[in-house]
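Visitor: I have a chain on the screen and a handful of labels I'd like to see justified. Can we go through them one by one?

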Amino acid sequence: MDIILRNETEEDYKIVEQLTREAFWNVHVPGCNEHYLVHIMRDSELFIPELDFVAELNGKIVGNIMYMHSVITDNDDKMHPVITFGPISVLPKHQNKGIGSRLIEYSMKHARDMGYPAILIYGDPNITSASDFCRGKLRIKSSAGMYAAALQACELSHGALDEMSGIFVEGDIYELDKREVAEFDKQFPEKVKCHTPTQDRFAEVLKMVHE
C-alpha cells in the first residue's frame with residue numbers, strides 16, 4: 001500500500017475525530033469515548049504536536065496516532081518524564097493491514113530522535129503488534145497501584161527504565177466526563193450502541209495483574 005505518514009494539521013481535526021469514532025465504536029464500551037479524548041488532547045499542555053501523525057492512503061486519512069507527556073513517580077516522589085500514545089486509530093476496513101504498526105514505528109523513531117527516554121502504554125498483553133514493548137521486567141505500577149498486565153513499556157534510550165520502580169501517571173485528561181462525551185457525540189451521525197465480545201475482553205484485561 002502507498003501509505004503517506006505526516007503530521008496532523010488543523011484541517012484534519014474533524015476527519016481524525018470521525019475515524020477515531022469509527023475505529024473504536026463498540027470496541028471497549030457500547031459506543032465509544034476515544035473521539036472526544038482526541039478532541040480535548042490537542043488543547044492539553046501535555047500534548048506533543050510533533051508526534052501527532054496521520055496515515056494517508058490514496059489521499060484519504062485512514063489512521064492516526066497521538067502522544068502525551070506523562071511521568072513515572074518513584075518511591076522517593078521524584079518524577080521521571082516519559083511519554084505515552086493513544087488512541088491509535090485505523091478505519092475498520094483498513095485494520096490488520098499493518099497501518100497501525102507503521103504509525104507506531106514511525107512515531108517511535110521521531111520520539112527517539114527528539115530525545116524521549118521511554119514510551120509507556122496500556123494494551124492487551126495478548127496483542128504483540130507493538131513488538132518493541134514488553135511488560136515482564138517492569139516494576140512500575142499503574143496509577144491504581146497495581147502491577148497491571150496491560151501496562152507495557154518501550155525504552156527509546158538503552159537502560160532508561162533499568163532499576164526504575166514507581167507509579168505510572170498518565171494525567172487527568174484520561175478521566176473523561178460521560179456527560180461531556182455524550183454531548184460531543186451529538187455532532188456525529190447516530191450509530192447503534194451494543195455489546196460485543198471485545199468489551200468483555202477489555203473488562204478482563206483491566207483486572208489482570210502480574211507478580
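Visitor: What makes D77 count as exposed?

Guide: Keep in mind that this is a predicted model. The cut-off for exposed is over 50% relative accessible area. D77 comes out at 64%, so it is exposed. You'll find D77 in the loop between strand 3 and strand 4. Its phi is near 65 degrees, a positive value in a residue other than glycine.

Visitor: And why is N96 called exposed?

Guide: Same reasoning. Exposed means over 50%, and N96 has a relative accessible area of 83%, so the label fits. N96 belongs to the loop between strand 4 and helix 3, the helix of residues 99–113. Here too phi is near 65 degrees, and the residue is not a glycine.

Visitor: Why is K60 called partly exposed?

Guide: The label covers values between the 20% and 50% cut-offs. K60 sits at 45%, so partly exposed is the right term. K60 is in strand 3, which runs over residues 60–73.

Visitor: Which residues does K60 touch, setting aside those up to four places away in sequence?

Guide: A55 and L91. There's also a C-alpha to C-alpha distance to look at: K60 and I4 are 56 residues apart in sequence and 9.7 Å apart in space.

Visitor: On to E17. Why does E17 count as buried?

Guide: Buried means under 20% relative accessible area. E17 has 2%, so it counts as buried. Its home is helix 1, residues 13–24.

Visitor: What is E17 in contact with, leaving aside neighbours within four places in sequence?

Guide: H35, V38, H39, R42, F184 and F188.

Visitor: What makes the pairing of the E17 and R42 side chains a polar contact?

Guide: The distance cut-off is 3.5 Å, for N or O atoms that can donate and accept a hydrogen. The side chains of E17 and R42 are joined at 2.8 Å, and that pair is listed as a polar contact.

Visitor: What kind of peptide bond joins G86 and P87, and how do you know?

Guide: Look at omega: it is about 0 degrees, and the bond is cis. P87 is found in strand 4, residues 79–90.

Visitor: Let's zoom out. How many helices and strands are there in the protein chain?

Guide: Five helices and eight strands. Starting from the N terminus, the order is β-α-α-β-β-β-α-β-β-β-β-α-α.

Visitor: What makes the protein chain as compact as a globular protein of its length?

Guide: Its radius of gyration is 17 Å, and the globule rule gives 17 Å for 211 residues; the two are close, so the chain is as compact as a globular protein of that length. Along the principal axes, the C-alpha trace spans about 50 × 35 × 30 Å.

Visitor: What share of the residues counts as buried?

Guide: 45% of the 211 residues. As for the accessible surface, that comes to about 11500 Å², with 51% of it belonging to carbon and sulfur atoms.

Visitor: What share of the contacts with a separation of 6 or more comes from residues 24 or more positions apart?

Guide: That share is 71% in the protein chain.

Visitor: And how far apart are the mean positions of the positive and negative charges?

Guide: They're 6 Å apart, taken over 22 positive and 34 negative charges.

Notes: Residues numbered from 1 in each chain as written. Predicted model: local features only at pLDDT ≥ 70, side-chain atom pairs only at ≥ 80, totals over all residues. Heavy atoms only, no water. Helix = DSSP H or I, 4+ residues; strand = E, 2+ residues; numbered from the N terminus. Rg over C-alpha atoms; globule rule 2.2 N^0.38 Å. Buried < 20%, exposed > 50% of the residue type's maximum accessible area, 1.4 Å probe, protein only. Contact = heavy atoms within 4.5 Å. Areas by Shrake-Rupley, 256 points an atom, 1.4 Å probe, with all protein chains shown as cover. Lys, Arg positive; Asp, Glu negative; His and termini not counted. Charge placed at Lys NZ, Arg CZ, Asp CG, Glu CD.
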